[in-house]
Amino acid sequence: KVAVQAGRKGLTGMEFASGIPGTIGGALVMNAGAYGGEMKDVVRLVQVMCEDGSFREYTGAEMEFGYRTSRVLHEKSVALEAVLELTPGDPTAIQNRMEELKEARITKQPLNYASAGSTFKRPQGTYAAQLIDRCGLRGFSVGGAQVSTKHTGFVVNIGGATCQDVLELARQVKECVKEKTGFELEMEVRLLP
């Protein structure tokens, strides 16, 4: 929603985020990104509440953004607010770019099913979807949870999936990939205790 509103106001820099499910808070914690852009590119200041209840401000550089991680995640703090720095741009060009990204997502991702987005992080030197595919897990299911037949990096709800179905499917996928390829998949979706 923020990316769409920014585009309408003629502010460029968040086009990559249009269509990513989630909130600004989640995007900050995981350094959300797609199609060549990441939160680290636009974050200038973040206010957090630390585990001890104190408040701190971090610059974008101090956030220690990395692939699907940030200082907020490591310190177990809570992101309260952020200042994003965007650049003035042509609203039509911004909208056109977001439409291009939307079409890319529709073509490549299983948007016709409920999911939490990309399920596994990209391992060093390869892609989770390639490893899952190599293991013959396209369409593999547990209950109502299924490895997407369109993009194997997604676990989708094909009807009536429970949280337990999704977690068990992810566990079995990780086990199979480790056994057959030696790669250890890590969840991109954050699980809260």
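**Salt bridges, helix α6 and a surface patch**

K40 and E38 join their side chains in a salt bridge, 3.7 Å from N to O; the term covers a side-chain nitrogen of Lys or Arg within 4 Å of a carboxyl oxygen of Asp or Glu. The model is a predicted one, in which local features need pLDDT of at least 70 and side-chain atom pairs count only at pLDDT 80 or more, while totals for chains, interfaces and linings use all residues. Residues are numbered from 1 along each chain as its sequence is written, and side-chain values use heavy atoms, with hydrogens and water left out.

Back to the charged pairs. E38 and K40 belong to a network of salt bridges that also takes in D41. K40 counts as partly exposed, because its relative accessibility is 39%; buried here means under 20% relative accessible area, exposed over 50%, and partly exposed in between (1.4 Å probe, protein chains only). By the same salt-bridge rule, the count comes to 12.

Another of these bridges sits in helix α4 (residues 91–108), where R97 and E100 are 3 residues apart, about one turn of the helix. Helices here are DSSP runs of H or I with at least four residues, strands are runs of E with at least two, and both are numbered from the N terminus. The R97 and E100 side chains come to 3.1 Å, N to O. R97 has 33% relative accessibility and so counts as partly exposed; E100, at 46%, is likewise partly exposed.

Helix α6 carries a salt bridge as well, with R171 and E168 meeting at 2.7 Å, N to O. These two residues of α6 are also 3 residues apart, about one turn of the helix. R171 is partly exposed at a relative accessible area of 39%, and E168 is partly exposed at 22%.

The geometry of α6 itself checks out. With 19 residues (163–181) at 1.5 Å a residue, α6 should span 27 Å, and its end C-alpha atoms are 27 Å apart, so the two agree; the expected span is 1.5 Å times one less than the number of residues. The buried residues of α6 are D165, L169, A170, V173, C176 and V177. They cover an arc of only 135° around the axis, which means that they lie on the same side of α6; the arc is taken from the directions from the helix axis to the C-beta atoms. C163, Q164 and E179, on the other side of α6, are exposed. What do the buried residues of α6 pack against? Their partners are α5 (128–134), β9 (141–142), β10 (145–147) and β11 (154–157), with contact meaning heavy atoms within 4.5 Å. After α6 comes G182, which has a positive phi, near 85°.

T119 is found in the loop between β8 (114–118) and α5. T119 counts as buried because its relative accessibility is 4%. Apart from neighbours within four places in sequence, T119 contacts G153, F154, V155, E186, M187, E188 and V189.

On the surface, M49, F55, V78 and L80 make up a nonpolar patch, together offering about 350 Å² of accessible area. Patches take residues with over 30% relative accessible area and no salt bridge, joining like charges within 9 Å and nonpolar side chains (Val, Leu, Ile, Met, Phe, Trp, Tyr) within 5 Å. Accessible areas come from the Shrake-Rupley method with a 1.4 Å probe, and for residues only the protein chains shown count as cover. F55 is placed in strand β5 (residues 55–59), and at 53% relative accessibility F55 counts as exposed.
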